[in-house]
Amino acid sequence: MALRIATWNVNSVRTRLDQVCAWLQAEAPDVLCLQETKVADDLFPHTAFEALGYRAVISGQKAYNGVAILSRQPIEDVRVGFAALLPDDPAAVELGEQKRVISAWIEGVRVLNLYVPNGSALTSQKYPYKLEWLACLRRYLEAQDAQGEPLAMVGDFNIALEARDIHDPERLSGGIMASDPERQALRDALGDRLEDVFRVFEPDAGHWSWWDYRTGAWDRDTGWRIDHIYLSEELLACATACVIHRDQRGNEQPSDHAPVTVRLAWPTDPAEDGDGEGDDAGGW
DNA sequence: ATGTCTGGCGAAGCCAGA
């Protein structure tokens, strides 16, 4: 039994629809989590994904933010926003105005899809919002932990946790997406329960998931690794690969982010004696 | 290295956000 989960900040799902569909056909992940869908729920392009065998659950808004979970496997128990687990937390309710959080139960895994606020600049009012959001994420994950579910938390975290996650750590450390307060806030949220699975397989620098449109970053390969997949202990033991699909950043009219995928595999139950349903297509 | 790309508004270029 194998489950492949992907995450991709697509910077408008309608603008990127053909690229996302082509990538789904090429890679055929079981689950694809999208961020920055930038579309109201009644305009989400469900039919294009259904034609490829994916059902989508969504939390979107006009123009900004927006998250979605696409799955070939049955989707159960969808939770939208922090307030789904923190109904009595005023901050959780207020932060729900921006659509950045959705989770679902898929094949025995709690898939949590996040679009962490960017923060803009250390001097911006958006920066304290980012810290407040991360503090709420900590409370949310404590409530999630109490559910006792295997957890795969994926998304655009807009934070590079370590020097090896930035192309020029000397210049960029301490600035937005690499400041101590936001790094500590994310580490506090992660606790000792969640592990960045990419680092299980790749210890070196030079692996990025985001290249700024503005600075010719793709041509210079001056990127950041800010799109992450965090696994709880029991899923970490099942992880067989974690890959950044950087080729997608080289598309015509690309998103500024590349997809990231994780493959989870566990022994097939002998009682089922199935053929694995051909889940190993794609080679990772 | 304030540059590039997106959507909104509204009908063409500006603005905000990243």
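Colleague: In this predicted model, is Ser71 buried or exposed?

Modeller: A residue with under 20% relative accessible area is called buried. Ser71 has 2% relative accessibility, so Ser71 counts as buried. This serine belongs to strand 4, residues 67–71.

Colleague: Which residues does Ser71 touch?

Modeller: Leaving out residues up to four places away in sequence, Ser71 touches Asp30, Val31, Gly53, Tyr54, Arg55 and Ile106. A polar atom of the Ser71 side chain also lies 2.7 Å from the backbone oxygen of Gln73.

Colleague: Where does Asp89 lie, and which side chain makes a polar contact with the side chain of Asp89?

Modeller: Asp89 is in the loop that runs between strand 5 (76–80) and helix 3 (90–95). The cut-off for buried is under 20%, and Asp89, at a relative accessible area of 13%, is therefore buried. The side chain of Asp89 makes a polar contact of 2.6 Å with the side chain of Arg139. Along the chain Asp89 and Arg139 are 50 residues apart, while their C-alpha atoms are separated by 9.2 Å.

Colleague: How can I check the span of helix 4?

Modeller: Count 1.5 Å a residue and compare the result with the distance between the end C-alpha atoms. Helix 4 covers residues 126–147, 22 residues, so the helix should span 32 Å; the end C-alpha atoms are 31 Å apart, which agrees. Just after the helix, Gly148 takes a positive phi of about 70°.

Colleague: Which residues of helix 4 are buried?

Modeller: Start with the general idea. An α-helix has 3.6 residues a turn, so residues three or four places apart point the same way. In helix 4 the buried residues include Tyr127, Lys130, Trp133, Leu134, Leu137, Tyr140, Leu141 and Gln144. Cys136 and Ala143 are also buried.

Colleague: Which residues come nearest to DNA strand B?

Modeller: Of the 17 residues around DNA strand B, those that come nearest are Ser12, Thr15, Arg16, Tyr213 and Arg220. Of the strand's atoms within 4 Å of the protein, sugar and phosphate make up 64%. The surface near the strand has seven charged, six polar and four nonpolar residues.

Colleague: Which side chains have an N or O atom by a phosphate oxygen of DNA strand B?

Modeller: Arg16 is one of them, with a side-chain N or O atom 3.0 Å from a phosphate oxygen. For Lys126 the corresponding distance is 3.4 Å. Tyr213 uses its backbone: a polar atom there is 3.1 Å from a sugar or linking oxygen of the strand.

Colleague: What does UniProt list for residues 6–257?

Modeller: The unreviewed UniProt entry lists "domain: Endonuclease/exonuclease/phosphatase" for that span. In the model, residues 6–257 are 28% helix and 23% strand, with end C-alpha atoms 13 Å apart.

Methods:
Residues are numbered from 1 along each chain as its sequence is written. Chains are lettered from A and ligands numbered from 1 in the order in which they are written. This is a predicted model: local features need pLDDT of at least 70, side-chain atom pairs count only at pLDDT 80 or more; totals for chains, interfaces and linings use all residues. Side-chain values use heavy atoms; hydrogens and water are left out. Helices (H or I, at least four residues) and strands (E, at least two) are DSSP runs, numbered from the N terminus. The expected span of a helix is 1.5 Å times one less than its number of residues. Buried means under 20% relative accessible area, exposed over 50%, partly exposed in between (1.4 Å probe, protein chains only). UniProt positions are given in the numbering used here, feature names are shortened, and annotations may be inferred rather than shown by experiment. A polar contact is a pair of N or O atoms within 3.5 Å; within protein, one must be able to donate a hydrogen and the other to accept it, and residues adjacent in sequence count only if both atoms are side-chain atoms. A residue is near a molecule or strand if one of its heavy atoms lies within 4 Å of it. Ala, Val, Leu, Ile, Met, Phe, Trp, Tyr, Cys and Pro count as nonpolar, Asp, Glu, Lys and Arg as charged, and the others, Gly among them, as polar. Contact means heavy atoms within 4.5 Å.
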